[in-house]
Amino acid sequence: LKIPNRDILAKKQATEASMDGKDPKSIAMQVAASLAQRAGLGSMVAEDLKIPNRFVGLIIGRGGEQINKLQSETGAKIQVAPDPPPGQIAPPDRHVSINGTREAVEKAKNLLNRICEEGKIPESLMSLPVVAPGEQVIEIMIPASKVGLIIGKGGETIKSLQERAQCRMVMVQDGPYLNAPEKPLRIIG
């Protein structure tokens, strides 16, 4: 036999407990908010930016590689608005959404503006490898005279080394290392 007044009393007590912050859900929410604030997640911001359409390909890069590097370098999430539907004239500028901490968003905005001003990707980003979470990057300096031995004919030696070591290897030979006496071999895995 159920007594209606008892159910009402139980609901009232549950409501009062949640108001004073002592119920498990309330405590969990307070802990989550505290952790988010300590991790800097409480200060997340979003900003929109317009970039000239002619720089969109440069910023996104082949297969999204360049935008991934930009996101990795800045710590911000960067999203470029998609192309207009076929038959529609493309506007001169494209919207870009940037999300993250205030510092990450500012860094991303500065990098994007720099790319648009200079018309090219900064050297500092060109040499950044794309690294997945949990991977590490190690650089070994190789004498320029020995680079050919590591790469091998048609890249056979470096491909074999990558398969045997279960990692990716990139011999950096351009940019500041074009005529350098030593060149970095990046090992990623």
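A salt bridge is taken here as a side-chain nitrogen of Lys or Arg within 4 Å of a carboxyl oxygen of Asp or Glu, and one such pair joins Arg-94 and Asp-83, whose closest N and O atoms are 2.5 Å apart. The structure is a predicted model, in which local features need pLDDT of at least 70 and side-chain atom pairs count only at pLDDT 80 or more, while totals for chains, interfaces and linings use all residues. Residues are numbered from 1 along each chain as its sequence is written, and side-chain values use heavy atoms, with hydrogens and water left out.

The predictor's confidence in each residue, pLDDT, runs from 0 to 100; its mean over the protein chain is 78, and 72% of the residues reach 70 or more. With helices (H or I, at least four residues) and strands (E, at least two) taken as DSSP runs numbered from the N terminus, confidence is lowest in helix α1 (residues 4-19), at a mean of 48, and highest in β2, at 92. Over residues 8-19 pLDDT stays under 50, and the model has four contacts (heavy atoms within 4.5 Å) beyond four places in sequence for this stretch. Where pLDDT is low, the predicted coordinates should not be read in detail.

The largest nonpolar core, a set of buried Ala, Val, Leu, Ile, Met, Phe, Trp, Tyr and Cys residues joined through side-chain atoms within 4.5 Å, has 21 residues, and those with the most contacts inside it are Ile-51, Ile-59, Leu-70, Ile-78, Val-96, Ile-98 and Leu-112. At least two residues of this core are supplied by each of β1 (44-52), α3 (56-60), α4 (65-74), β2 (77-80), β3 (93-101) and α5 (102-118), with the largest share, seven residues, coming from α5. A second, separate core of nine residues includes Ile-158, Met-169, Met-171 and Leu-185.

Burial is defined by relative accessible area, with buried under 20%, exposed over 50% and partly exposed in between (1.4 Å probe, protein chains only). Along β2 the side chains alternate, Ile-78 and Val-80 pointing to one face and being buried, whereas Lys-77 and Gln-79 point to the other and are not. Strands β2 and β3 pair in the antiparallel sense over four bridges, pairing being assigned if DSSP finds at least two bridges between two strands, and the partner of Ile-78 in β3 is Ile-98.

Eight salt bridges are present in the structure. The pair of Arg-94 and Asp-83 noted above links strand β3 to the loop between β2 and β3, across 11 residues; Arg-94 is buried, at 10% relative accessible area, whereas Asp-83 is exposed, at 58%. Glu-139 likewise forms a salt bridge with Arg-186, at 2.4 Å between the closest N and O atoms, and because Glu-139 lies in strand β4 (residues 137-143) and Arg-186 in strand β6, the pair ties together parts that are 47 residues apart in sequence. Of these two residues, Glu-139 is partly exposed, at 39% relative accessibility, and Arg-186 is buried, at 9%.

Strand β6 (residues 182-188) also holds Lys-183, which counts as buried at 7% relative accessibility. A polar atom of the Lys-183 side chain lies 3.0 Å from the backbone oxygen of Leu-178, and, beyond four places in sequence, the residues in contact with Lys-183 include Ile-140, Ile-142, Met-171 and Tyr-177.

Note on methods: Polar contact = N/O pair within 3.5 Å; in protein donor to acceptor, adjacent residues only side chain to side chain.
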